[in-house]
Amino acid sequence: MTTNSAAYEAIVRAGPRLNQLQQVHAHLILTGYGRSRSLLTKLITLACSARAIAYTRLLFLSVPFPDDFLFNSVIKSTSKLRFPFDCISYYRRMLSSNVSPTNYTFTSVIKSCADLSALRIGIGVHCHVVVSGFGLDTYVQAALVTFYSKCGDMRAARQVFDRMPEKSVVAWNSLVSGLEQNGLAEEAIQVFYRMRDSGFEPDSATFVSVLSACAQTGAISLGSWVYQYIVCEGLDLNVKLGTALINLYSRCGDVGKAREVFDKMKETNVAAWTAMISAYGTHGYGKQAVDLFDKMEDDYGPIPNNVTFVAVLSACAHAGLVEEGRMVYKRMTESYGLIPGVEHHVCMVDMLGRAGFLEEAYRFIHQLDATGKATAPALWTAMLGACKMHRNYDLGIEIAERLIVLEPENPGHHVMLSNIYALSGKPDEVSHVRDGMMRNNLRKQVGYSIIEVKNKTYLFSMGDESHQETGEIYWYLETLMRRCKEIGYAPVSEAVMHQVEEEEKEYALRYHSEKLAVAFGLLKTVDVAITVVKNLRICEDCHSAFKYISVVSNRQIIVRDKLRFHHFQNGSCSCMDYW
């Protein structure tokens, strides 16, 4: 065995441990091997693996003429270990040293550009890819699809993908994931179907993205098919897959199935526990959320993080568990040393305000204000919602006007001020606010509702007449509402009508998007619960109507609005009218 090979073995034995590597490095210098390129290359790679990036830079500078192997080794390592700035820096030095990059070089550098969402730099690298003759390399193209997706340029991502002569599972996954993460869930699902039709077998990464897309669109049938596929094929229900399934079932209205998945997971982490706690919270099961959080603390689960506390506090707010919420907030700082952020503060204001503790909520905000933390408009928005709920119009007007000063371009604040003026009997002020919105071209967000029937998704907007069975849907809805009136339903008053945020026209109350979706779902299905997903908050009239419709139709109706779930059955709602 030569001294050189003995030195190499010493480096290998040191492994990615900084102190041992430094000792070996000192020995190399003393024995005259301190400038050996092969030994330094191994030393640099292990130093990078030890995440000793400053030491890695110093070692690299000691190499007089780095070759392509050294450059590629350090570029690959820095990219893999998420040191994107260093990766790009070594790539630039590689070019200035007239060392030619390979497809592996480009794959690593593009990944680092994706990590940074550095669109301009990445486009430059893409140009170099084409000039260097790697434009059709499968690995490089897959990396480019991921890069453009992470930068939000799905048009470029699809162009790269469509030009690929041979598409890999990685490339398909990159496109599906990119579409889902950029809010194009329907397109992500369609690409998944194309992937299967093309003969590619999906893997765990595919399913995580598909399940997230299903959760966005409410496509419970496809999500359930994915779960069955995982079970039947014996795929490992890993943490990412399990968490995605929990989110899917939660967002599609089946919290029981979400818990079933959670209990089947052999391995869990803080994300999985938080997802399950959040599932209970959004469905109004505050006690179960707090109980699971207590179980998580009692040495059963991982240490909760900031997101976990948001989930627990939100669950307490939705269920009116004020004392529990106060204790959780206290434990967050005293037991775990976590610093509450805006989200936690908003949950506290929401919880106190919903429960009618308006003065305490107001004091809470002002205490934060004294420390410079209450500038977040979300705090005042939560307070404003509480004022409207408890009919404290004077304070509500004051807060709405404050919010308009903070965020003059947010139409929601103007709408809320208009609603409160309407509720307090000030029609002139209502007109003034709405005229101002028209002058400043501030438009309210359009409400829509989605329902899945027989594995197909349907979207309805207010007064929608685009469906081919519009006549039958409207006739059936009229029949439902007539039967509801017979057992006591009465439309909300004109004053309450003004507070509906999504719609404007007089007839909107009867033909809200969620009513049309529910009517269509009941018309097209038999003896099953129907689930409707709405992008905005459900209005008071629809909430009242659905309780009656659940009686006359003898069906369970589940509505997911932008804040929570409502399960209507036998004339009552799971929220117990606490929303």
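Me: How far apart do the C-alpha centres of domain 1 and domain 2 lie?
Reply: This is a predicted model, in which local features need pLDDT of at least 70, side-chain atom pairs count only at pLDDT 80 or more, and totals for chains, interfaces and linings use all residues. Residues are numbered from 1 along each chain as its sequence is written, and side-chain values use heavy atoms, with hydrogens and water left out. The domain assignment gives domain 1 as 341-444 and domain 2 as 448-573 (such bounds come from an automatic or database domain assignment). The separation of their C-alpha centres is 28 Å.

Me: Are helix H21 and helix H22 roughly parallel or roughly antiparallel?
Reply: Helices (H or I, at least four residues) and strands (E, at least two) are DSSP runs numbered from the N terminus. H21 (residues 342-354) and H22 (residues 358-370) pack at an angle of about 160°, their axes 7 Å apart (axes are lines fitted to C-alpha atoms, for helices over the stretch in contact, and angles run from 0 to 180 degrees between N-to-C directions). Angles under 35 degrees count as roughly parallel, over 145 as roughly antiparallel, 65 to 115 as roughly perpendicular and the rest as oblique. H21 is therefore, relative to H22, roughly antiparallel.

Me: Which residues of H22 are met by H21?
Reply: Contact means heavy atoms within 4.5 Å. From H21, the participants are His345, Met348, Val349, Leu352 and Gly353. Their partners in H22 are Leu358, Glu360, Ala361, Phe364, Ile365 and Leu368.

Me: How many charged residues does the contact of H27 with H30 have?
Reply: The axes of H27 (residues 470-486) and H30 come within 9 Å and cross at roughly 95°, which means that H27 is roughly perpendicular to H30. Leu480, Met481, Arg483 and Cys484 in H27 meet Ala545, Tyr548, Ile549 and Val552 in H30. Ala, Val, Leu, Ile, Met, Phe, Trp, Tyr, Cys and Pro count as nonpolar, Asp, Glu, Lys and Arg as charged, and the others, Gly among them, as polar. By these classes, the contact has seven nonpolar residues, no polar ones and, as charged, one.

Me: What is the geometry of the aromatic pair formed by phenylalanine 546 and phenylalanine 568?
Reply: Rings of Phe, Tyr and Trp (its six-membered ring) pair if their centres lie within 6.5 Å; planes under 30 degrees apart count as stacked, over 60 as edge-to-face and the rest as tilted. The whole structure holds 23 aromatic pairs. In this one, the centres are 5.6 Å apart and the planes differ by 75°, so the class is edge-to-face.

Me: Where in the chain does phenylalanine 568 lie?
Reply: The pair links distant parts of the chain, 22 residues apart. Phenylalanine 546 is in helix H30 (residues 540-552), and phenylalanine 568 is in strand E5 (residues 565-569).
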